[in-house]
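Reader: I am new to this structure and would like a close look at a single part of it. Please take one sheet, describe how it is put together, and then place it beside the rest.

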Amino acid sequence: MKGYLASVGVALVVLAADSFAQQASVKRDFESEIQAALQAAKTAAEFEFLGTLARTCLLPQSGGEDTRDNVPGYIANPASAPARGTWYAEPARVFDNLYFVGGKVHSAWVLTTRDGIILIDTIYPYNSEELIIGGMRKLGLDPKNIKYVLVSHAHGDHIGGAEMLQTRYGVRVVMGGPDWDWVAKYPNRYKTMAPKRDIAATDGMKITLGDTTVTIWLTPGHTPGTLSYTFTVLDRGRPVNVAYSGGTAFNFVNNTPDPGIRNFQTYIDSQKHMAAKAASTGATVLLSNHSEFDNAFNKNRMLAGRGDGPHPYELGADWVQRYFQVMQGCARAAQLKLEQRLVETAER
């Protein structure tokens with residue numbers, strides 16, 4: 001009997017080893033994994049987030065971050081700035097206490113409180129005067145009441161007016177620590193756009209003004225210091241929770257396995273983090289700093305005909321989650337392509 005059991009044991013060991021060897025020899029089907037990730041993103045986007053899908057899944061990516069310290073053309077030669085007609089948009093009151101003062105492509109938002117104003121993002125230096133300052137005045141708001149400026153990330157289309165606002169009105173400027181470092185590192189790139197270093201955001205930091213609180217979440221990826229936010233607005237007196245996504249496109253190094261795979265993981269982890277915070281607050285509105293992602297420019301025009309109907313920005317909690325699923329799916333597909341390249345290189 002003992003001999004029989006011993007022989008059975010040996011046979012089982014041999015079978016297990018053979019099975020392991022077979023599994024090890026099976027190659028990953030990267031193409032299937034990539035297509036599954038892309039399909040997950042497309043399914044999540046449906047017809048609501050096509051701009052986000054196109055930007056992160058379909059259009060060519062930058063390949064890497066820009067490390068040049070050149071003065072931007074629109075600063076060196078103001079006449080080269082884009083024509084007004086390409087960027088101008090009318091300001092709009094979107095919720096009782098939230099106003100749009102951005103352009104056709106890039107957004108800025110005014111959150112009013114009983115003790116002053118929180119401004120989210122500042123667009124370019126060549127149009128922040130007209131869009132933000134001029135837009136606020138058109139809406140009956142006084143720019144002198146701006147107390148805080150939250151900069152989602154240190155790209156020229158969002159930090160552009162921060163120096164002007166800090167110098168003119170003495171506002172407090174909040175930005176991610178790594179992006180403050182960028183501003184200091186590249187003085188030419190941020191010429192006329194560089195506020196004096198002020199508040200470096202931490203994850204979960206609360207900016208409270210009067211009766212309103214904006215909670216900051218660190219979502220590195222688009223830039224190392226990208227910030228996203230959750231806060232509450234009022235729609236005809238009814239509280240509505242907002243998730244604000246601070247950075248979307250793949251501006252990091254993404255065309256080589258090292259450090260591309262790690263960079264994509266940072267980006268994916270940030271989207272999961274922000275999705276969890278949006279879920280925990282019950283966010284039903286998704287905002288961004290680009291109209292291609294939240295369709296703000298078109299939704300603002302829909303507000304005029306709203307009547308007693310639903311608010312065009314209020315999509316529901318499920319759709320807010322789907323926004324972050326689009327970003328995760330597209331990033332995972334791109335990450336898988338780099339993993340595939342890494343494996344194929346090792347096999348050569």
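Author: The part chosen here is an open sheet of five strands, which run in the order β8-β9-β10-β11-β12 with mixed pairing. The model is a predicted one. At the edges of this sheet stand β8 (206-209) and β12 (285-287); each has a single partner strand, so one side of each is left without a neighbour in the sheet. From one strand to the next, the twist averages 25 degrees.

Inside the sheet, β9 (residues 212-218) pairs with β10 (residues 227-235) in the antiparallel sense, over four bridges. Threonine 215 marks one place in this pairing, standing opposite threonine 230 in β10. A helix also belongs to the picture: α10 (residues 257-281) packs on the sheet and touches β9, β10 and β11 (238-244). The direction of α10 makes about 20 degrees with that of β10.

Helix α10 leads on to the largest pocket. At least two residues of the lining come from α10, and α4 and α7 (156-159) each supply at least two as well. The lining has 28 residues in total, and those nearest the centre of the pocket are Asp66, His155, Gly156, Arg189 and Asn251. The space in this pocket is about 590 Å³.

The model has another open sheet, with seven strands in the order β1-β2-β3-β4-β5-β6-β7 and mixed pairing. Its edge strands, β1 (92-95) and β7 (199-201), pair on one side only. Within it, β4 (residues 116-120) and β5 (residues 146-150) pair in the parallel sense over four bridges. The bridge partner of isoleucine 118 is tyrosine 148 in β5.

Strands β4 and β5 also take part in the largest nonpolar core: each supplies at least two of its residues, as do α4 (73-76), α6 (128-138), α8 (162-169), β6 (172-176) and α9 (177-185). This core has 36 residues, and among those with the most contacts inside it are Leu119, Ile132 and Ile146. Leaving aside neighbours within four places in sequence, isoleucine 132 is in contact with Val101, Ala108, Leu119, Asp121, Thr122, Ile123 and Asn127. A second, separate core has 34 residues, including Phe30, Val326, Cys330 and Leu336. In soluble globular proteins, nonpolar side chains tend to be buried together.

How values were computed:
Residues are numbered from 1 along each chain as its sequence is written. This is a predicted model: local features need pLDDT of at least 70, side-chain atom pairs count only at pLDDT 80 or more; totals for chains, interfaces and linings use all residues. Side-chain values use heavy atoms; hydrogens and water are left out. Two strands pair if DSSP finds at least two bridges between them. Axes are lines fitted to C-alpha atoms, for helices over the stretch in contact, and angles run from 0 to 180 degrees between N-to-C directions. Contact means heavy atoms within 4.5 Å. A nonpolar core is a set of buried Ala, Val, Leu, Ile, Met, Phe, Trp, Tyr and Cys residues joined through side-chain atoms within 4.5 Å. Buried means under 20% relative accessible area, exposed over 50%, partly exposed in between (1.4 Å probe, protein chains only). On a 1 Å grid over the protein atoms alone, a cavity is a set of points where a 1.4 Å probe fits but cannot get out, and a pocket is an open set with protein on both sides within 12 Å along at least five of seven lines; lining residues have an atom within 4 Å of a point. Grid points are joined across faces, edges and corners, and a volume is the space filled by probe spheres set on the points.
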